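Trainee: Could we go through this one together? I'd like to see the reasoning behind each label.

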Amino acid sequence: MSQSIAVVGAGICGLFTGLSLARKGFDVTLFERDVPPPQGSAEDAFFSWQRRGAAQFRHPHAFLGLMCSVLGENYPDLLDELLAAGARKMTFADMVPKHLTDQYQPEPGDDKLWMLLCRRATIETILRRYVEREPNLRIRSQTFVTDVLVAQTQTGTGENTLTVTGLELTDRQNKNLKSTHSADIIVNASGRADKFYHWLQAKGAEITEQRDDAEIVYYTKHYALRDGVSEPERDSDNPSAGDLGYLKYGVFPGDNGHFAIILCLPNNESELRDAVKDGDKFDQICMNIPGLVPWISEDKATPTTAPFGIGEIHAVWRDYIPSDAAPKLLNYFAVGDAAARTNPLYGRGCSTGTLHAHLLSEVLSSEDDPWQRALAFRAKTEEEIRPIFNASLNEDKNGIKKAEAVREGRTVDKARSLKQWFGLAFGDALVAAAKYHLHVHRGIMRTVNLVEKPGAFLKDKKIRNTVFRYMLFGRKKNAAARIQRGTSRDDMIRTVCDPS
Ligand SMILES: Cc1cc2nc3c(=O)[nH]c(=O)nc-3n(C[C@H](O)[C@H](O)[C@H](O)COP(=O)(O)OP(=O)(O)OC[C@H]3O[C@@H](n4cnc5c(N)ncnc54)[C@H](O)[C@@H]3O)c2cc1C
């Protein structure tokens with residue numbers, strides 16, 4: 001008999017978990033606190049779908065090569081539906097900077113380096129409708145999971161276990177209407193707002209959490225291109241995404257003529273944080289960044305939303321395998337943001353979540369013993385997701401240091417040891433080499449798209465030799481390749497916050 005699986009959360013990761021497990025023959029029920037997508041197009045979903053359960057729903061999302069490859073390889077018909085709804089495939093050839101196109105020759109592996117351009121509302125609506133058609137699977141919307149049911153047992157050898165047996169449910173329309181649902185396996189795909197962590201700890205589970213604050217706030221504003229206006233061409237001298245030290249920015253091209261701009265500020269950049277909440281000031285900031293001007297000048301696009309923000313940006317890692325003394329937690333698995341969360345700036349969460357969902361499905365279909373399943377899932381998570389988490393955390397720490405230095409008028413580029421000098425010189429040379437050599441650019445794009453372990457391209461001899469050759473040109477020359485045009489912090493504050 002197939003085992004029953006309850007998945008908590010019908011966000012990106014919950015939907016992929018349910019889909020993949022149902023295809024492996026499990027009987028799946030998803031529980032989701034929010035309403036289903038509205039009837040009509042993905043456009044209607046963007047403007048009217050009430051998605052309080054996923055606070056990031058209207059923030060733009062990049063869907064990287066890792067997720068796109070899983071999608072294309074396993075669900076080609078779903079990909080067709082996404083393209084029909086207006087999502088666009090951006091291949092590696094499309095992403096090659098204009099000045100490098102004469103170096104471009106397709107190579108094996110390039111087919112994995114594509115991104116899907118669309119709003120999250122579009123992908124989630126189409127994915128949800130696709131998943132709803134799956135036999136062996138049902139979605140119960142407007143149902144809050146309000147607790148987890150656990151059986152505590154002790155084996156003959158004195159070993160303690162906590163076996164998850166079901167869920168307590170609360171009807172969203174009528175908070176007094178409570179019920180329970182039993183399942184053989186519970187998957188927590190409840191995202192950032194995960195409460196299992198506390199519920200399970202209260203019941204005696206030992207869960208280790210690593211939590212680091214990225215110390216940023218993230219603001220978004222959406223726009224639509226005016227009729228007849230095409231997206232601006234990519235310009236490597238004035239990129240549409242970058243880092244001014246005190247502010248990170250990026251354009252996210254979407255579907256059906258929509259795009260969004262994000263501005264990301266350190267928590268303590270208080271004047272600019274106030275300014276960015278105002279629609280006109282948001283635009284003014286963008287107009288001081290050359291790479292954004294071609295997108296939002298008045299003759300090109302009109303805003304479709306006011307700016308809106310999200311804070312509490314943390315990197316979070318949870319480990320459910322306890323020390324020897326604590327009870328073993330059985331039949332419970334956490335995937336996606338509930339288990340491993342990274343800074344949204346890198347656009348990795350949906351890719352790692354989609355991979356995580358499929359890793360779980362592989363484990364549950366190949367192992368029967370509950371404890372072996374827990375161990376195997378932890379091992380796969382450590383192998384595949386941990387390196388991405390660690391690299392993201394490292395980038396967060398460097399970002400915090402850089403923002404602090406810019407605020408204090410210091411440079412972070414001064415080396416205090418030979419080792420540090422080598423690291424900085426190598427980093428400068430890498431950026432400069434990538435600007436002029438397609439094979440180095442391709443290597444970086446492999447890491448960006450998560451199709452290999454972060455930084456694995458640096459093992460490539462040809463890439464390494466090119467970077468070493470650039471090191472000989474000296475730090476000063478190479479560092480120039482990093483320079484991003486844009487107003488300095490002081491001038492930005494003066495122009496936008498205190499125009500008098
Ligand atoms: C501002 C921002 C921008 C981002 N940009 C990107 C990006 O560009 N690219 C990218 O790949 N990732 C991005 N991410 C990360 C990405 O959104 C998440 O990694 C991804 O959504 C995780 O999927 P999930 O299914 O684990 O969680 P979610 O998508 O958050 O889904 C969780 C679901 O669980 C439901 N739920 C929660 N609690 C309960 C409960 N008790 N009962 C019932 N239902 C419940 C919620 O309603 C929700 O539907 C971004 C994140 C943020 C915050």
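Trainee: Which residues does Arg348 touch, not counting residues up to four places away in sequence?

Mentor: Leu64, Thr342, Ile388, Ser392 and Leu450. A contact here is two C-beta atoms, placed from the backbone, within 7 Å. Keep in mind that this is a predicted model, where local features need pLDDT of at least 70, side-chain atom pairs count only at pLDDT 80 or more, and totals for chains, interfaces and linings use all residues. Residues are numbered from 1 along each chain as its sequence is written.

Trainee: Where is Arg348 found, and what makes it buried?

Mentor: Arg348 is in the loop between strand 20 (340-341) and helix 11. Buried takes 20 or more other C-beta atoms within 10 Å of a residue's own; 12 or fewer is exposed, and in between is partly exposed. Arg348 has 26 such atoms within 10 Å, so it is buried. For the chain, buried residues make up 40% of the 500.

Trainee: How many helices and strands does the chain have?

Mentor: There are 18 helices and 20 strands. These are DSSP runs numbered from the N terminus: H or I of at least four residues for helices, E of at least two for strands.

Trainee: Why is the chain called as compact as a globular protein of that length?

Mentor: The globule rule is 2.2 Å times the number of residues to the power 0.38, and the radius of gyration is taken over C-alpha atoms. For 500 residues the rule gives 23 Å and the chain has 24 Å, which is close, so the label fits. The C-alpha trace spans about 70 × 55 × 45 Å along its principal axes.

Trainee: What surrounds the ligand?

Mentor: A shell of 37 residues, the closest being Gly9, Gly11, Gly53, Gly336 and Gly349. To be near, a residue needs its C-beta atom, placed from the backbone, within 6 Å of the molecule. Helix 1 (12-23), strand 6 (143-154) and helix 11 (349-366) each give two or more residues, and helix 11 has the largest share, with four. By class the shell has 16 nonpolar, 14 polar and seven charged residues. Nonpolar means Ala, Val, Leu, Ile, Met, Phe, Trp, Tyr, Cys or Pro, charged means Asp, Glu, Lys or Arg, and the others, Gly among them, are polar.

Trainee: How do you know that the largest nonpolar core lies between domain 1 and domain 2?

Mentor: A nonpolar core is a set of buried Ala, Val, Leu, Ile, Met, Phe, Trp, Tyr and Cys residues joined through C-beta atoms within 7 Å. The largest one has 117 residues, of which Ile186, Val187, Leu263 and Val335 touch the most other members. Domain 1 (1-61 + 119-211 + 314-410) and domain 2 (216-312) both give residues to this core, so it lies between them. Those bounds come from an automatic or database domain assignment. The C-alpha centres of these two domains lie 31 Å apart, and their contact takes 14 residues from domain 1 and 16 from domain 2.

Trainee: Which residues of helix 15 are buried, and what covers them?

Mentor: In helix 15 (residues 438-448), Val440, His441, Arg442, Gly443, Met445 and Arg446 are buried. Their cover includes helix 5 (92-95), helix 14 (418-436) and helix 16 (461-471). After helix 15 comes Leu450, with a positive phi near 60 degrees; Leu450 is also one of the residues that Arg348 touches.
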